[in-house]
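Open the structure in your viewer and keep the sequence beside it. The tour goes from one selection to the next and says what is found at each stop.

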Amino acid sequence: MAFTLESARKRGFLVLKMVLRFFFMCISNLVAIPSYVLYLIVLQPVRMVDSKLFWHIEGIMFKWLLAMVASWGWSTGYTVVEWGDDVQTITEDEAVMLVNHQATGDVCTLMMCLQDKGTVVRHMMWLMDHIFQYTNFGIVSLVHGDFFIRQGRAHRDQQLILLKDHLDKYYRPRDRKWIVLFPEGGFLRKRRETSQSFAKKNNLPSLTHVTLPRLGATQVILKALVAQEENGTVVGGNTVEKKSKGLQWVIDTTIGYPDAEPMDIQTWILGYRQPIVTHVYYRVYPIKDVPLETKGLTDWLYQRFAEKEELLTHFYETGTFPPRPNQNRAISRKMTLSNVWLFLVQSFAFLSGIMWYCILQYFYESLF
């Protein structure tokens, strides 16, 4: 009887915590996202006078919004341990991140673990499925200049053309540096069977923990952003840049969840899963080592995802990622966030919401 009562008490506490967290997330979104949009509307004169300053300010607020998302997991004990190469050394360079995709929580994990990587989050561009533009965060991503890609063979060619135009219009004009891309084109559970069938027909590795990547978006990004020297001038895509060195690195990023159980956005928000540590492995490649022609790049991408398969197999068997070839043992780094900083960000969002409410109420009463 006591066990039953204790179980009921724990379950009731969990439900109460979930309800309170959901209520807090809703309030946070209702104050933070409209405030972000209103600040940028007011700052439009700054954009006309000094576009670089405007996007600098926008980047700071964008990072704060992503920090709020990160805090939802951080407050529940969802933390991140990083392995492999230290990407801190290249945060001011241009890079593209190639990430395996298992669930919606992958995006939240990256929002968290990139918070302590200098100015990366402020200057980052995301490539996400088009469905994300209809979420609460969609308006923020649209303003920031992220690209929403529509999956499916029927849309593929058109989407790649749109991506190329998007990069020309938003990447360097808004001082973007890193691009986050999920080359698999969908969640692991949805694409695994199709990927294995394709691999069998084409004599390619049959993968379990990842799927074979798609070439299109990666190739468009590399061709558009990799700089080439012409008469002493750096050329990126079709746009001549006197200062930009072009894309310099490819960061092969592998996310591993304990027991191969990925987190989704619902878990991140409601916090009903016990605290877990998500593991992220980085391997950095100089862009000069990445082939740009179709056949070479295809083979290179397949090799990277075959390596991801080996990394995740080792991780699921041992709980750690293997050491690099030049290491005696694997070295991990625990990623941390400042609770004081997260509190200040949340406080600023709520104070901003109150301020904008008072301002809008004043104008409404003045007009009507």
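The stops below take in annotated spans, a pair of crossing helices, a buried serine, a strand with its partners and a short helix. Keep in mind throughout that this is a predicted model.

**Stop 1: the annotated spans.** Select residues 20–41, 53–74 and 340–364, which an unreviewed UniProt entry lists under "transmembrane region". Colour residues 20–41 on their own: this part of the chain is 100% helix and 0% strand. From one end to the other, its C-alpha atoms are 32 Å apart. Then turn to residues 340–364, also 100% helix and 0% strand, where the end C-alpha atoms lie 36 Å apart.

**Stop 2: two helices that cross.** Show helix α3, residues 51–74, together with helix α11, residues 339–367. Their axes come within 10 Å and cross at roughly 120 degrees. Is that parallel or oblique? An angle from 65 to 115 degrees would count as roughly perpendicular, and one over 145 as roughly antiparallel; α3 and α11 are therefore oblique to each other. The crossing of α3 past α11 is left-handed.

Now display side chains where the two helices meet. On the α3 side, pick out Lys63, Trp64, Ala67, Met68, Ser71, Trp72 and Trp74. Their counterparts in α11 are Asn339, Trp341, Leu342, Val345, Gln346, Phe348 and Ala349.

**Stop 3: a serine in α11.** Stay on α11 and select serine 352, which lies in this helix. Is serine 352 buried or exposed? Its relative accessible area is 2%; the cut-off for buried is under 20%, so serine 352 is buried. Leaving aside residues up to four places away in sequence, serine 352 touches Ser35 and Tyr39.

**Stop 4: strand β1 and its partners.** Select residues 79–84, strand β1, which is mostly covered, with six of its six residues buried. Add strand β10, residues 277–286: β1 and β10 run parallel and are joined by six bridges. To see the register, find threonine 79, which stands opposite valine 277 in β10.

Next add strand β11, residues 332–334. This pairing with β1 is antiparallel and has three bridges. Here valine 81 is the residue to find, opposite lysine 334 in β11.

**Stop 5: helix α4.** Finish with residues 105–113, helix α4. How many of its nine residues are buried? Nine of the nine are, and the helix is mostly covered. Among them are Gly105, Asp106, Thr109 and Met112, and the list also includes Cys108 and Cys113.

Methods: Residues are numbered from 1 along each chain as its sequence is written. This is a predicted model: local features need pLDDT of at least 70, side-chain atom pairs count only at pLDDT 80 or more; totals for chains, interfaces and linings use all residues. Side-chain values use heavy atoms; hydrogens and water are left out. UniProt positions are given in the numbering used here, feature names are shortened, and annotations may be inferred rather than shown by experiment. Helices (H or I, at least four residues) and strands (E, at least two) are DSSP runs, numbered from the N terminus. Buried means under 20% relative accessible area, exposed over 50%, partly exposed in between (1.4 Å probe, protein chains only). Two strands pair if DSSP finds at least two bridges between them. Contact means heavy atoms within 4.5 Å. Axes are lines fitted to C-alpha atoms, for helices over the stretch in contact, and angles run from 0 to 180 degrees between N-to-C directions. Angles under 35 degrees count as roughly parallel, over 145 as roughly antiparallel, 65 to 115 as roughly perpendicular and the rest as oblique. A crossing is left-handed if the near helix is turned anticlockwise from the far one by less than a right angle, and right-handed if clockwise.
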